[in-house]
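Let us walk through this model piece by piece, from single strands to whole chains. Keep the viewer open as you read.

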Amino acid sequence: MSTKAADDTGYRRRVRDLCTSWQAADRYLPRSDAWLRSFDPDFSKALGAEGLIGVSWPTRYGGAGATNRDRLAVTEELLRAAAPVAAHWTADRQVGPAILRHGSDRLRHELLPRICSGDIVCAIGMSEAEAGSDLASVCTTARAVPGGWLVNGRKLWTSHAHRATHIYVLARTARMPRRQDGLSEFVVDMATPGITVSPIADMTGEHHFNEVAFVDVFVPQYRLLGNQDDGWRQVTEQLSFERGGPERVLSTYPLVVEILKRAAARPADTATAAHVGDLTARLAALRRLCWDVAGAVDRGEVPVMEAATLKVLGTRFEQHSVELARKLGLFGEEPVDSLFWQTLLASPAFSLRGGAAEVLLDLVSRQEGGRGRDTFVHHATAGG
Amino acid sequence: MSTKAADDTGYRRRVRDLCTSWQAADRYLPRSDAWLRSFDPDFSKALGAEGLIGVSWPTRYGGAGATNRDRLAVTEELLRAAAPVAAHWTADRQVGPAILRHGSDRLRHELLPRICSGDIVCAIGMSEAEAGSDLASVCTTARAVPGGWLVNGRKLWTSHAHRATHIYVLARTARMPRRQDGLSEFVVDMATPGITVSPIADMTGEHHFNEVAFVDVFVPQYRLLGNQDDGWRQVTEQLSFERGGPERVLSTYPLVVEILKRAAARPADTATAAHVGDLTARLAALRRLCWDVAGAVDRGEVPVMEAATLKVLGTRFEQHSVELARKLGLFGEEPVDSLFWQTLLASPAFSLRGGAAEVLLDLVSRQEGGRGRDTFVHHATAGG
Amino acid sequence: MSELAQELFALVDELNRRFPSPRGRGHAEEVPFSLWSTLMELGLPRIGIPEHHGGVGGELDDLAVVVQALATYGHGTPLVEASTAAWAAQGVAAVPATGLGVVAVPHMQAGLPTRRFQARWGRLAHWAIVVHADAPPQLITFDGADVVEEADVAGEPVDTIEVQSAVVVDAGELPSQSALRARMGILRTSALLGTAYGVYDLTREHVLQRRQFDRPLAEIPAVRHALAEMRTGLVQTQAAHERALDAWRGGTPEQALVPVAAARIIAAQTASACAQVAHQLHGAMGVTNEYALHRFTRRLWAWRDADTTERQWAEELGARVLSASEHEFWEVLTS
Amino acid sequence: MSELAQELFALVDELNRRFPSPRGRGHAEEVPFSLWSTLMELGLPRIGIPEHHGGVGGELDDLAVVVQALATYGHGTPLVEASTAAWAAQGVAAVPATGLGVVAVPHMQAGLPTRRFQARWGRLAHWAIVVHADAPPQLITFDGADVVEEADVAGEPVDTIEVQSAVVVDAGELPSQSALRARMGILRTSALLGTAYGVYDLTREHVLQRRQFDRPLAEIPAVRHALAEMRTGLVQTQAAHERALDAWRGGTPEQALVPVAAARIIAAQTASACAQVAHQLHGAMGVTNEYALHRFTRRLWAWRDADTTERQWAEELGARVLSASEHEFWEVLTS
């Protein structure tokens, strides 16, 4: 009895069929954190050919005009299968939606169909050295020149920039008293002269992080997203999008499945069963929350609090799954390349994605700011 | 094999004998939080008659001139037995040591021997309404008059003030720019005219909290502790004393013993055994830390960081023991007056005693302030 | 929220003005018979029962709104027990038309035939649904009974009933044990969620009003974050609660048991966390008898393990998962 | 700290200048043979063994200082394994005077007679103490062996050794299984404690130097408190570590096993917490290969479950407690 069966309209099955056939042909190996680390342009193109990228975008831009809940069906199944989706994930989740909301019509027609076909790889040029979670601390500049902008600066921690066709860049276009003001968003073609990508190996030894340097990189005017100097407001919206996704919950799903498999060998151990029950309840609630957030977006709402909650609790769920694996004593002498160690080594990065817990909790508390004395009326009416 | 056997010099046995005989005669019922809630002046007098109060104070004031580790032996055994020690606990732990450090010779001779005999009950007049953990926010005043001071104001949350013979009072004796300055400490006789005690029932329904109002209460000059206007420095020292004690670890010891008893009925449950092992390891480490702190005080050191650590982790241990009781499913349908519910209802107050965790963690981080780049040298040399 | 639910919510609001909630006062309260009589008169325990079976119509969702709202305001009533019993007994001829029924859950009583059982609010009952661990539920009506009155840590009745002359109704007319546990589990979740909201509201007011170190407590980042943590727990519990209600609406009561278990576990965890954080943020004020907080936190502590403990729900859900395939885990148990 | 321990500490400091510690660089490092050769030449693995048995004198405490100091600086060596093996084999005639011995712990090998076993740093060994779960320990010397070289998550050797021709020494001359586990458990605790100090130092430097929102990270209260939390874990672990060392000094090795279990559990918990908080406070910097942090946290993750896992220690200590009286729990097991 799935409470969501009615919404799925075949998307789940189509994703599952593709993933199953690829796995059956040994074309990928499921792993934790696959949406960040398993990069295969062929898989992304195959997915695009099936019409499974950008499903919630209008058909005139190559999308399927489906709902956000349909899109959730797609992303959940991809995460469940731990499919190699890193090549298109950022474009589908972040950059595409930003272009759709704020991009010029030319930019939309140029990029969105190619994102949908799996031909575009996007990187995010947001963080800078010394910024940490202070994202407004942007030193990269974009100076107006005839026909566009010249970008100069350095971006850090840009995943897959070395493989990207395009990079989203947050740059300072004006000095204003409040440093959140005067920022603008651009989508830059990685083939433009003046861009240098330097690799940063992460602690697992893998290369997805990069430093990207921009020296007098020309960006045509139509690649500015939305309003000049208004980037902070736009990017804050984007972060609230980014927060609502199931990739904040399901990064460790392959390990969760392995925990269940091993725990099943101890049917008499009630403590183990209780831990599994607890894990299940948390996952079920979080998946429901993903579904609620997608539904709210479909209704035109901006469910900032729910999305932030999902991110805080989803990250905690991912970390908890790694700790539980060890705590239950189910993973003893694991080889270094095992799922357990792979997930453990990836886990320190879980909480860094899309804002530290403090930032998210601040978002939650700001949502409560304007509330009157008795909040129940709001809870009750918003709830049903 | 007790690593501490050599230090005990018979104190443990003497306390144990007394507690055992009182329990055998049904003269008290062990309970959690007994050091705060089990008030029996007769027990305190019996303990005093055995020379077991103020053991670390000089013999000329009625003490036994023993070490702080001897004193720890006494307090640990009293807490282990959950003996009814509330009548003398505050005098022995806080007020007595403050008098010994800062009191006039007249005050010492007047009060310390009577504390040692169990005849004095002390309350602490420190907190005020609206202060919370901001202890320097003191509105109670002491105005100099011939021969002494006139105290006016209200103190809140003063445990056992309704039964106290004396109350320690922190009062403002001067207005200075920094509000930590200009405070002074007094020991006030509760029989002085102008003192009114109003009860505040706590959530368990028990009455130990009080509000104490002072209206033109005369306090003779010799009852000022230490230096006028220098009370903040003195009280901060006192808090560091208060922090080091085993009552921050052992408030729930009766429940811990009950957990062990019930868990022993499930010898085959490895998860339960693992939780018990964890609980044991933590208790062992904390008892060792108590012993380290007492030893450091005996050597004339001021182990602020160790004492603050003990308080933070001890409080967490106490709360953990209550949670564990429930989590293991060992306490099902317990009557309301059972040890489990008694302890649970007392538990919200555990973390309020002697400073919130944040205040204590600030203390810890300040201890690290002056440290150079590589702290290991300090760790290593301080450690052995 | 349905139209009926909105009306019901307004009704609770109105009732809360007539029978002032204990939010402002912490002292022990008598069992609130006057409010309860009014709820009975209004037919609220019969929400979710069709009119031809003596009910007032509506769905379980509507009943859940009432349970949650009463709990947020801090009113303690036998609504969860009485409405579950009434639902179970609908259409059973032997049930007295007016008398109150309650539910005795498995771990509270031993063996068959049942003459002696423990039930929350048992002192008010004329009949009871007795849920057995290993046998179908029974409906027992009784004229006279010896009642040993006891209370849980929140001061609510948990009574032992010894029946003198009883009529035992054939279990065939009653819902299954799973169905009963599912329905009661949802309503217990509603009560926990409502109470947790009440705790959150009290705490939010407290930190906005109290000043320390010359500023409102709410401006201290650690305080603000702790409050936000409570809020995330409420959001999560609400999601799990609605998921259970959807399952009840969309399938058989027995199928709802798995989502109910999940919701009940999440609600229990939120209850524990909210109680702890609320007391931490309230300081000494929160542990006084006079202040209302402990009246809410005691209910959280009592109800998180009521009927079926959190640990038992978790074991049960875990065992179900461990006997399932990944397919079922994904498609059914967590979807 | 004894005079010898102070000298040893100065020696490690000096060695750390000659063989620069990996603190400043995060990249993978070859097994550090040059430092290890020097430690061997200086006789450090034979601290705690009397001179007439080929040792250099000193106590276990002195050895623990060296292990802890090397770990704080981030040097990985076989010192724990080699010194434990050397201590176990002291006075056993069959042991080669110069060759290195290691220890194979119970869960790493199966059955008797032992021809094949797994041992940390096995590739360097000429002989091994093989600890069995249900039989007395054995000392096995071998001329040739097939070695399958593997590594743990910290990159340290965990090798499988298959012995071709072995001499098995009578267990009668060797310490008991409990004694061996106790000694190795203390030294593993020393290594964990030292590494955790190293992590703390790195993190403290980081938050003092890095600026965010126009101030050093260390000035943000949440950051300062997280750092202080790490510090309290170190204080607690140090207390438990010293308690275990005192027990070793003051009783039989077998009696020390209980305090060692406690220390090892606390050290494992501190390892987990320190690793988590350190990565949290480091942000993205901490997950780069270049920065040293992961070299320390990988060791914490590997060592917290090395030889005997934290869970096994906890089960073992718990089982011991559950068979004891309150008297023994208070007077012995936690005193």
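Start with a hairpin in chain B. β6(B) and β7(B) form it, with five residues between them. In that turn, B:Gly205 has a positive phi of about 90 degrees. Bear in mind that the model is predicted.

Now look at the two arms of the hairpin. Strand β6 of chain B covers residues 195-201, and strand β7 of chain B covers residues 207-220. The two pair in the antiparallel sense, over seven bridges. To fix the register, find B:Thr196: opposite it, in β7(B), stands B:Ala213. In a regular strand the side chains alternate between the two faces of the sheet.

Chain D offers a sheet to compare by eye. Three strands make up this open sheet, in the order β2-β6-β5 (chain D), and the pairing is antiparallel. Which strands lie at the edges? They are β2 (116-120) and β5 (145-148) of chain D, each of which pairs on one side only. From one strand to the next, the twist averages 30 degrees.

Follow one pairing within that sheet. β2(D) and strand β6 of chain D, residues 158-163, run antiparallel and are joined by five bridges. One residue pair sets the register here too: D:Arg120 has D:Val158 in β6(D) as its bridge partner.

Next, step up to domains. The assignment for chain A gives domain 1 (4-120), domain 2 (124-230) and domain 3 (244-382). Take domain 1 of chain A and domain 3 of chain A. Their centres, taken over C-alpha atoms, are 22 Å apart. Their contact draws 17 residues from domain 1 of chain A and 19 residues from domain 3 of chain A. Which helix gives the largest share of the domain 1 side? Helix α4 (residues 68-80) of chain A does, with eight residues. By class, the domain 1 side that touches domain 3 of chain A holds five nonpolar, four polar and eight charged residues.

A UniProt record adds a label here. For residues 25-119 of chain A, the unreviewed entry lists "domain: Acyl-CoA dehydrogenase/oxidase N-terminal". In the model this span is 58% helix and 0% strand. Its end C-alpha atoms lie 23 Å apart.

Chain C is divided as well. Its assignment gives domain 1 (1-92), domain 2 (94-173) and domain 3 (177-334). Between the centres of domain 2 of chain C and domain 3 of chain C there are 27 Å, taken over C-alpha atoms. Eleven residues from domain 2 of chain C and ten residues from domain 3 of chain C take part in the contact. On the domain 2 side that touches domain 3 of chain C, the classes are eight nonpolar, one polar and two charged residues.

Chain C carries a record label too. UniProt, in an unreviewed entry, lists residues 190-299 of chain C as "domain: Acyl-CoA dehydrogenase/oxidase C-terminal". The span is 75% helix and 4% strand, and its end C-alpha atoms lie 13 Å apart.

Finally, go between chains. How many residues of chain A are in contact with chain D? The count is 21 residues of chain A, against 20 residues of chain D. On the chain A side, the elements that give two or more residues are β6 (195-201) and α11 (339-346) of chain A. That side has eleven nonpolar, six polar and four charged residues.

Conventions: Residues are numbered from 1 along each chain as its sequence is written. Chains are lettered from A and ligands numbered from 1 in the order in which they are written. This is a predicted model: local features need pLDDT of at least 70, side-chain atom pairs count only at pLDDT 80 or more; totals for chains, interfaces and linings use all residues. UniProt positions are given in the numbering used here, feature names are shortened, and annotations may be inferred rather than shown by experiment. Two residues are in contact if their C-beta atoms, placed from the backbone, lie within 7 Å. Ala, Val, Leu, Ile, Met, Phe, Trp, Tyr, Cys and Pro count as nonpolar, Asp, Glu, Lys and Arg as charged, and the others, Gly among them, as polar. Domain bounds come from an automatic or database domain assignment. Two strands pair if DSSP finds at least two bridges between them. Axes are lines fitted to C-alpha atoms, for helices over the stretch in contact, and angles run from 0 to 180 degrees between N-to-C directions.
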